[in-house]
Structures are given as C-alpha cells and as structure tokens.
Amino acid sequence: AMNRVQLLGRVGQDPIMRQVDGKNPVTIFSLATNEMWRTGESEVTQGGEIWHPTLLFLCNLGDISQKTTWHRISVFRPGLRDVTYQYVKKGARIYVEGKIDYGEYTDKNNVRRQATTIIA
C-alpha cells in the first residue's frame, strides 16, 4: 500500500508551532493549490459564469476556470519542523511531500468533526 501526497502551492499564513499535553511540538500551516482548465461546451452556465456544485472557489477567466484548494500541513520531524517554523512565510511558493491523514476531533461545542491533514 502507498500513502503519498505531493503538493506545490502558496503558504496561506505564517506557520505556527503547537505543543499539546507534553507531546512533541508540531508546526502547522495552510497551503493553497490551484487547478486551471479550459471550459468545455458541456459546462452548465448561469449568468455568464461557469457553475459546478463541487468546486470550492471558481472564477470565470474567459475560457479558463480556476479552483483553489486549501490543505492543512503538519510537520512533526524535529529538524524539518523547526526549519519550517523559522523560514517558511505567508505567500511563499513551496513543494510539500508527505502522507494524507484523516482524523476526528471534538470542537469547543462538543461536536465531532473530521479533519484531513497532510503529514510532511
């Protein structure tokens, strides 16, 4: 089996470092990736804009559309974690390689939530 993710995108905010309950610290940041494609004749249009229910962000750029997806990145390895925290900044274009992790947590309103994280 293989669980491997490769992303190239822009950092959404300066990384933060967290430590919970005496566990090893983790550096966390968000990464935006963009997909662009030329729209075809089969797309549904409303008011001149391309519409598709599953897209997060969509803008009509003539014949080209774009989708931005945000990823949560967590860095646990001590050397990489510290370098990431110190040198990675908002807006930087970076390459991330890691594995995808699906987890659950309980929010402050005691509601169970799912979270998808890339472990770099």
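This briefing covers the confidence, the make-up and the strand pairing of one protein model. The model is predicted. The protein has 120 residues, and its secondary structure consists of one helix and nine strands. The average pLDDT is 85.

**Confidence**

- Of the residues in the protein, 81% have a pLDDT of at least 70.
- Residues 41-56 are a stretch where pLDDT stays under 50.
- For residues 41-56 the model nevertheless has 21 contacts beyond four places in sequence.

**Order of elements**

- Read from the N terminus, the elements follow the order β-β-β-β-β-β-β-α-β-β.
- The helix therefore comes after seven strands and before two more, by the numbering of elements from the N terminus.

**Pairing around strand β3**

- Strand β3 spans residues 26-38, and it pairs with β1, with β2 and with β7.
- The pairing of β3 with strand β7, residues 64-75, is antiparallel and runs over twelve bridges.
- Within that pairing, Asn 34 has Thr 68 of β7 as its bridge partner.
- Strand β2, residues 16-18, is joined to β3 by three bridges in the antiparallel sense.
- One pair between β2 and β3 is Ile 16 with its bridge partner Ile 28.
- β1 also lies antiparallel to β3, with two bridges between them.
- In the pairing of β1 with β3, Val 11 is opposite Leu 31, and Arg 10 is opposite Ala 32.
- In a regular strand, side chains alternate between the two faces of the sheet.

**Pairing of strand β1 with strand β8**

- Strand β1 covers residues 5-11, and strand β8 covers residues 93-106.
- These two strands pair in the antiparallel sense over six bridges.
- Gly 9 of β1 has Ile 94 in β8 as its bridge partner.
- β1 thus has pairings with both β8 and β3.

**Contacts across the sequence**

- Taking contacts between residues at least 6 apart in sequence, 58% of them join residues at least 24 apart.
- The pairing of β1, residues 5-11, with β8, residues 93-106, is one link between separate parts of the sequence.

**Burial and surface**

- Buried residues account for 30% of the 120 residues.
- The exposed area of the protein is about 8800 Å².
- Carbon and sulfur atoms supply 49% of that exposed area.

Definitions and conventions:
Residues are numbered from 1 along each chain as its sequence is written. This is a predicted model: local features need pLDDT of at least 70, side-chain atom pairs count only at pLDDT 80 or more; totals for chains, interfaces and linings use all residues. Side-chain values use heavy atoms; hydrogens and water are left out. pLDDT is the predictor's confidence in each residue, from 0 to 100. Contact means heavy atoms within 4.5 Å. Two strands pair if DSSP finds at least two bridges between them. Helices (H or I, at least four residues) and strands (E, at least two) are DSSP runs, numbered from the N terminus. Buried means under 20% relative accessible area, exposed over 50%, partly exposed in between (1.4 Å probe, protein chains only). Accessible areas come from the Shrake-Rupley method with a 1.4 Å probe; for residues, only the protein chains shown count as cover.
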